[in-house]
Amino acid sequence: MFMIRGIDHVVIRSVDSERMIAFYRDVLGCRLEKRVPRLGLVHLRAGSALIDLVSVNGELGRRGGDAPAPRARNMDHLCLRIEPFDAVALAQHLRAHGIETSPVGMRYGAEGDGESLYIQDPEGNTVELKGPPQAGRLAREQI
């Protein structure tokens, strides 16, 4: 009937859209692609997919109920496939932006097992940064 070819976009409701844009653009390297102010919607390019931020105060965001909070999250996590996965350089980059990381672990994803780590965006959403399948194992103590 049809075949799923990948994730088109993920939508995250946001309390502070400008802070979230800065995180996804400046820290993770997404490109700001389009704004739709009347809806409170921002589209950020993440490879072949989009991360859409919807302001909880905008037309679309008000439809979603209460604002996200530590005990009322929007999603479990978003996984971004990155390359290269240099755990040491990645940790240094993230720490330079004041972002703590989880330990690197070998985890299963769409392409198989590969190294990944978890971080939190400014509003507490979990983002997994995942390398290629069977990426070389780095000594955990290097990070």
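1. A hairpin joins S6 to S7 through two residues. This is a place to enter the structure, which is a predicted model. Across the hairpin, S6 and S7 pair in the antiparallel sense, with five bridges between them. One residue to look for here is methionine 106, which stands opposite glutamate 115 in S7.

2. The next hairpin along the chain is that of S7 and S8, with five residues between the strands. Within this hairpin, glycine 124 has a positive phi near 85 degrees. S7 and S8 are antiparallel and are joined by six bridges. Tyrosine 118 has glutamate 128, in S8, as its bridge partner.

3. Glutamate 128 should be looked at from its other side too, since cysteine 79 stands opposite this residue of S8. S5 and S8 run parallel, and five bridges join them. As background, the strands of a sheet pair through backbone hydrogen bonds, either parallel or antiparallel.

4. Which order do the four strands of this open sheet take? The order is S5-S8-S7-S6, and the pairing is mixed. At the edges are S5 and strand S6 (105-109), each of which pairs on one side only. On average, and ignoring direction, neighbouring strands of this sheet are turned by 40 degrees against each other.

5. Another open sheet of four strands has the order S1-S4-S3-S2, again with mixed pairing. Why is one side of S1 and of S2 left without a neighbour in the sheet? S1 and strand S2 (31-36) stand at the edges and have a single partner strand each, so each has one side with no neighbour in the sheet. Here the average turn between neighbouring strands, direction ignored, is 20 degrees.

6. Inside the sheet S1-S4-S3-S2, the pairing of S2 with S3 is antiparallel and runs over five bridges. Arginine 35 has its bridge partner in S3, namely valine 42. When following side chains along such strands, recall that in a regular strand they alternate between the two faces of the sheet.

7. Helix H1 lies across S1, S2, S3 and S4. Its direction makes an angle of about 160 degrees with that of S4. Serine 17 lies in H1. Is serine 17 buried or exposed? The relative accessible area of serine 17 is 15%, and residues count as buried under 20%, so serine 17 is buried. Leaving out residues up to four places away in sequence, serine 17 touches Leu53 and Ser55.

8. The structure holds one aromatic pair. Phenylalanine 23 and tyrosine 24 form this pair, with 4.9 Å centre to centre and 90 degrees between the planes, an edge-to-face arrangement. Those two values suit the purpose, as a pair of aromatic rings is described by the distance of the centres and the angle of the planes. Phenylalanine 23 and tyrosine 24 are both buried.

9. Tyrosine 24 also matters for the largest nonpolar core, which has 26 residues: Ile12, Tyr24 and Ile51 touch the most other members. At least two residues of this core come from each of strand S1 (9-14), helix H1 (17-27), strand S3 (41-46), strand S4 (49-55), strand S5 (77-81), helix H3 (87-96), strand S7 (112-120) and strand S8 (126-133). H1 gives the largest share, five residues.

10. What is isoleucine 12 in contact with, leaving aside its neighbours within four places in sequence? Its contacts are Met20, Tyr24, Ile51, Asp52, Leu53, Val54, Asn74, Met75, Leu78 and Asn125. Tyr24 and Ile51, listed among these contacts, are named with Ile12 as the members that touch the most others in the core.

11. Last, the protein as a whole. There are three helices and eight strands, and along the sequence they follow the pattern β-α-β-β-β-α-β-α-β-β-β. The radius of gyration is 16 Å, close to the 15 Å that the globule rule gives for 143 residues, so the protein is as compact as a globular protein of that length. Taken along the principal axes, its C-alpha atoms fill a box of roughly 50 × 45 × 30 Å.

12. Two percentages complete the note. Of the 143 residues, 43% count as buried. Among contacts between residues at least 6 apart in sequence, 50% join residues at least 24 apart.

Terms used:
Residues are numbered from 1 along each chain as its sequence is written. This is a predicted model: local features need pLDDT of at least 70, side-chain atom pairs count only at pLDDT 80 or more; totals for chains, interfaces and linings use all residues. Side-chain values use heavy atoms; hydrogens and water are left out. A nonpolar core is a set of buried Ala, Val, Leu, Ile, Met, Phe, Trp, Tyr and Cys residues joined through side-chain atoms within 4.5 Å. Buried means under 20% relative accessible area, exposed over 50%, partly exposed in between (1.4 Å probe, protein chains only). Contact means heavy atoms within 4.5 Å. Two strands pair if DSSP finds at least two bridges between them. Axes are lines fitted to C-alpha atoms, for helices over the stretch in contact, and angles run from 0 to 180 degrees between N-to-C directions. Rings of Phe, Tyr and Trp (its six-membered ring) pair if their centres lie within 6.5 Å; planes under 30 degrees apart count as stacked, over 60 as edge-to-face and the rest as tilted. The radius of gyration is taken over C-alpha atoms; the globule rule is 2.2 Å times the number of residues to the power 0.38.
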